[in-house]
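Welcome, and please have a look at the structure shown below. A short tour of a few of its local features comes after it.

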Amino acid sequence: MSNWRRCVVESLLEIEVDATGARRLASRLRFACLPEPWTLNDFDFAAQPGVDEKLVRDLATLRFLDDASNVLFVGPPGVGKTMLAVALARATVDAGYRVYFTTAAELSAKCHKAALEGRWKTCVNFFSGPKLLVIDELGYLPLPEDGASALFQVINQRHLKSSTILTTNVGIADRAGAFGDATVAAAMLDRLLHRAAVVDIDGPSYRLRGHLDQAEVLRQGVNARVS
């Protein structure tokens with residue numbers, strides 16, 4: 001084969017490999033159901049001094065996936081918990097792993113519906129499958145008894161096998177109140193914290209700052225027109 005033909009074949013193969021990689025990435029992103037296309041570059045650490053940037057950047061290496069460790073983002077509403085969780089999830093998708101994003105309320109509702117339809121085990125196995133499962137907004141809404149049980153079953157199935165990222169506005173010491181069952185809360189915390197990085201965010205509302213900045217831009221625009 002001539003050098004020219006060899007170059008053509010190699011170029012075509014490279015194009016096919018790139019196209020296959022792009023299709024697989026698009027498929028993983030569809031499955032992941034990430035609410036936003038956030039990456040770690042979108043997070044303004046200077047605007048949120050309550051975040052341990054060194055710890056978050058270490059988590060972004062995805063080494064925590066190797067030993068099925070978990071990540072808990074704990075803090076009040078608006079401080080960037082979900083944004084950071086999504087950023088780590090997107091990095092995991094980009095690295096070639098299966099990821100799934102859900103809220104605690106959605107997970108509870110899907111498992112409840114599956115139980116009524118006789119698909120409980122199938123539903124729990126679905127949530128147990130991804131390399132990384134992100135459970136957002138634990139504690140924002142009270143979970144019914146079967147919802148707390150479903151969440152525990154999912155965490156239990158994933159324990160020491162796959163990683164889970166959980167965001168919550170409820171402190172670890174107050175977690176029992178979010179479940180309404182101290183025994184279930186203690187059992188879930190035991191599994192979550194066995195191998196876990198806990199990122200406590202004690203800072204100003206990241207979301208509120210964005211709204212205030214936008215309002216200031218609009219105010220300046222109105223003043224400029226008036227003057």
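What follows covers a pair of helices, their cysteines, two unusual backbone angles and one serine.

This is a predicted model, in which local features need pLDDT of at least 70 and side-chain atom pairs count only at pLDDT 80 or more, while totals for chains, interfaces and linings use all residues. Residues are numbered from 1 along each chain as its sequence is written, and side-chain values use heavy atoms, with hydrogens and water left out.

Let us start with the helices. Helices (H or I, at least four residues) and strands (E, at least two) are DSSP runs, numbered from the N terminus. Two packed helices are described by the angle between their axes and the distance between the axes. Here, α4 (residues 104-116) packs against α5 (residues 120-128) at about 150°, and their axes are 7 Å apart. The axes are lines fitted to C-alpha atoms, for helices over the stretch in contact, and angles run from 0 to 180 degrees between N-to-C directions. α4 and α5 are therefore roughly antiparallel, a term for angles over 145 degrees. On the α4 side, L107, K110, C111, A114 and A115 make the contact, and on the α5 side W120, C123 and F127 do; contact means heavy atoms within 4.5 Å.

Are there disulfides, and how many? The count comes to 0, where a disulfide is a pair of cysteine sulfur atoms within 2.5 Å. For C123, the closest cysteine sulfur is that of C111, 3.6 Å away and too far for a bond. C123 is also buried, with a relative accessible area of 10%. Buried means under 20% relative accessible area, exposed over 50%, and partly exposed in between (1.4 Å probe, protein chains only).

Now for the backbone. Most residues other than glycine have a negative phi. The table gives two residues with a positive value.

| Residue | Phi | Loop between | Relative accessible area |
|---|---|---|---|
| C33 | near 60° | α1 (3-32) and α2 (53-59) | 42%, partly exposed |
| L160 | near 70° | α6 (145-158) and β4 (163-168) | 42%, partly exposed |

Finally, meet S69, in the loop between α2 and β1 (70-74). Is S69 buried or exposed? S69 is buried, with a relative accessible area of 11%. Its side chain makes a polar contact with the side chain of D67 at 2.7 Å. A polar contact is a pair of N or O atoms within 3.5 Å; within protein, one must be able to donate a hydrogen and the other to accept it, and residues adjacent in sequence count only if both atoms are side-chain atoms. Leaving aside neighbours within four places in sequence, S69 touches F64, S163, T164 and R195.

Technical notes:
Parallel < 35°, antiparallel > 145°, perpendicular 65-115°, else oblique.
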